[in-house]
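Let's walk through a protein model together, one piece at a time. Keep the structure open beside you and find each element as it comes up.

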Amino acid sequence: MNIKRIAELAGVSVATVSRVVNHPERVRDETREHVLSVMQQYNFTPNWFARSLNLESSNTIALLIPGIETDFFQQIISGVETVAGNKEYAVLFGQTNNYPTREAEFVDMMINRKVDGIIQVNSRLNGEETLLMQNLELPRVHIGKNRVCTSDTLCYVDIEEGARRMTRHLIELGHKIIMALFDEANSNTSEQAFAGINRALRDTGHTIIFSSAQAENSVRGGYLAVQRLIQSKSMPEALIAASDLQAIGAMKAARDAHINIPDDLALASLTDSAVCSVLSPALTALELPSKRLGMAAARMLIDQIEGTLPYVDMPHDLILQPKLKIRESCGNTQDIYEWFD
Amino acid sequence: MAYDVNLSGMTLKNAIITAAGPWAGNAEGIQRCIDAGAAAVITETICLEERQRISPRLFMKDQQLFNTMLYSNLHLEEWERVLDRIDRKDAKIICSIWGTSASEMAYLGKKLENMGADALEISLSAPIGSRNKLIGYHSPDTEDFIRALVDTVDIPVMAKLSYESASSPYFIKELENAGVSAFSAIDALKGLLGVDLEKKRVLMPTYGGYTGTNIRPVSLAMTAMLRQYSRLPVISSGGVLHFEHVLEFLMLGATAVQLASVIQLYGYDIIYSIIASVENWMASHGYKSIDDIRGAALASLRPFEDIVPRTLVATNSKPCTRTDCTLCKQSCLKEAITRNDNGEIVADTSRCDGCGLCVERCPDQSIRLSWR
């Protein structure tokens, strides 16, 4: 199937099909609907068209990611790499450190290297900065819940729902003063977690005192944050850390101050990792399907590149659900050592 | 003689489908199911992320089989190659799928449709592993979740039900509203093999899927119930070991029947043997189509309240002097069965209240129920 054939089947010119794809506002509604329905019927997608006209495939995709030090990002990389390998694509990799300028430089660099598509993780670029990619119709997938322009494909984990369930769990265990430590470098994820916590607070019949603070997403960040809370005598009954690293730091600070977890302080982490289950007490944490997220994003990107994207109607999002792994650190005393919500 | 079946617009050449399971976990397994004559093969459950297997993962005690397998260990890309490679002949390929959200299910379903799946089966409530409880069971989200998939794909979507979900008319209605085109029932029951008393430990490390011959009565009941709740086709599964079991399910209204544990226990050849035996039985009884027997036994199934009490009591149908068997005597809570001075088993009709267990248990048909 090619654009010529679509044009023939729709009874319009090739230029009209092209306009439907690139500048739909310039095509009469009736004509546009008709052409789109023919395209849909033959599973013909706009990006396939762009690729077939303009570019030779380099069988390379770019992955721009804020950092490589956390388990979450490592798993995303592993997922992207796994699917790319399966489909015989190489992955070019760029670490943005959350700097928009760095990310923009990487985008230019990747375009110059003729990558077939780009995956951006927690992108900091705004609509204007992505204009070149849009004009080139370069296949793109975002990991994270931040849509830059309406045609973007998004993949993300429903952190909001996970944070809601975690907060509900803490409330059910009787904790009345709850605090969240957010990752100071990742406002997007923090906002989602905050929204979920708020939903849980709204839904409960109890009066809960909630506060939040920003901290570095590291062991040190968690350690310092809890030390500060101890010194200012403002320790909550339950603390939600942004990550397992922060939670480990918080544990260490609590232990140094002879604060018992979970008796004196309930502790939970918004990201799970392999160490959470071997800590003592085992840490209640949100398992984010980060590898699956990377795999899904790479699949959706390659779908676009190869013109096998299932949907013609753009945009579309792929949302994965996290799983709350209830262990011991919040005061759960069930006999089964680990259960889920 | 043609015993083909129409399932949601698909023509199946017979009524036998191999269930989702490890026997259909790769190209070789699927091919062997096809070559053995299965009308349709359901793949092992495919997800966006592969799952490593645990070992051991199958547990068995007496006739009780337990598995702790959840998803396929192949990537979606590998499934694409599997689906490309197999020679389908005239069999249908149904992909079993699972995801955690509406968008995930819709994406996965559409991808598999593009890869050539003839239909999809949602593994809605497998008993193994943990799931966000909202989705597998009756909840306001379920309908949206399934509808997203149904609206996205252009092939039939079947829902595989657990015993619990099949038992709920409301849940069934919700799935119908969401647009599923058939029900598979039942999935394995959640089970544990037992406890090692000395070590005070469970005999298997996690909940397993309990399958095999012992769950067949449960599945038979669910097939009959689903026929009452819903107009959608039912594909029965659960403990089918023998061709007569297939016929039982068909007579209770099943459109087709899934084979599962039996393949694990006896190998792929059993598929052919069951299909041939069903067809032989049909032909020898002069039936020209599965429709001749489908649901034929349902009319004899009545509500408990409608059964007219009959005053039957146990009587001897022939003398029994066996000393090696006291099953009838053991079974009688009313002490109506005794041995007389001649060593003969005698039923006392004045004590008997007609429960019928002695008749069921007697190996020699020496006792029967008759009017008082």
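Helix H8 of chain B lies across strand E9 (157-161), strand E10 and strand E15 (234-236) of chain B, and H8(B) runs at about 175 degrees to E15(B). Here contact means heavy atoms within 4.5 Å. Axes are lines fitted to C-alpha atoms, for helices over the stretch in contact, and angles run from 0 to 180 degrees between N-to-C directions. Helices (H or I, at least four residues) and strands (E, at least two) are DSSP runs, numbered from the N terminus.

Before going further, note that this is a predicted model, in which local features need pLDDT of at least 70, side-chain atom pairs count only at pLDDT 80 or more, and totals for chains, interfaces and linings use all residues. Residues are numbered from 1 along each chain as its sequence is written, chains are lettered from A and ligands numbered from 1 in the order in which they are written, and side-chain values use heavy atoms, with hydrogens and water left out.

**The barrel of chain B**

What do the strands around H8(B) belong to? In chain B, 8 strands form a closed barrel in the order E3-E4-E7-E8-E9-E10-E15-E16, and their pairing is parallel. From one strand to the next, the twist averages 25 degrees. Two strands pair if DSSP finds at least two bridges between them. Strand E7 (residues 92-97) and strand E8 (residues 119-123) of chain B, for example, are joined in the parallel sense over 4 bridges. Within this pair, B:Ile97 has B:Ile122 in E8(B) as its bridge partner. Helix H3 (residues 102-114) of chain B lies across E7 and E8 of chain B, at about 160 degrees to E7(B).

One peptide bond in this chain deserves a look. Most residues other than glycine have a negative phi, and most peptide bonds are trans. The bond from B:Ala185 to B:Ile186 is cis, with omega near 5 degrees. B:Ile186 sits in the loop between strand E10 (182-185) and strand E11 (189-191) of chain B.

As for the whole chain, chain B is divided into domain 1 (5-300) and domain 2 (309-371), with bounds that come from an automatic or database domain assignment. The centres of these two domains of chain B, taken over C-alpha atoms, are 43 Å apart.

**The open sheet of chain A**

Chain A is divided into domain 1 (3-44), domain 2 (57-158 + 291-320) and domain 3 (159-288 + 323-340). Between the C-alpha centres of domain 1 and domain 2 of chain A there are 27 Å.

Chain A has an open sheet of 6 strands in the order E2-E1-E3-E4-E5-E11, with parallel pairing. Which strands are at its edges? They are strand E2 (90-95) and strand E11 (317-320) of chain A, and each pairs on one side only. On average, neighbouring strands of this sheet are turned by 15 degrees against each other, direction ignored. Strand E1 (residues 60-65) of chain A pairs with E2(A) in the parallel sense over 6 bridges, and A:Ala62 has A:Leu92 in E2(A) as its bridge partner.

Helix H6 (residues 100-112) of chain A lies across E1, E2 and strand E3 (117-121) of chain A, at about 155 degrees to E2(A). In the loop between H6 and E3 of chain A you will find A:Lys114. A:Lys114 has a positive phi of about 55 degrees, although it is not a glycine.

**Helices that pack together**

Here are three helix pairs to compare.

| Helix pair | Crossing angle | Axes |
|---|---|---|
| H8 (159-172) and H9 (187-203) of chain A | about 40 degrees | 7 Å apart |
| H10 (219-231) and H11 of chain A | roughly 40 degrees | within 6 Å |
| H8 (216-229) and H9 (243-251) of chain B | roughly 25 degrees | within 9 Å |Angles under 35 degrees count as roughly parallel, over 145 as roughly antiparallel, 65 to 115 as roughly perpendicular and the rest as oblique. H8(B) and H9(B) are therefore roughly parallel to each other. In this pair, B:Arg216, B:Ser219, B:Leu220 and B:Thr223 of H8(B) meet B:His245, B:Glu248 and B:Phe249 of H9(B). The residues of this contact divide into 2 nonpolar, 3 polar and 2 charged. For this count, Ala, Val, Leu, Ile, Met, Phe, Trp, Tyr, Cys and Pro are nonpolar, Asp, Glu, Lys and Arg are charged, and the others, Gly among them, are polar.

H10(A) and H11(A), by their angle, are therefore oblique to each other. The residues of their contact divide into 9 nonpolar, 4 polar and 2 charged. Just past this pair, A:Pro262 lies in the loop between helix H11 (244-256) and strand E9 (266-269) of chain A, and the peptide bond from A:Ile261 to A:Pro262 is cis, with omega near 10 degrees.

Methods: Parallel < 35°, antiparallel > 145°, perpendicular 65-115°, else oblique.
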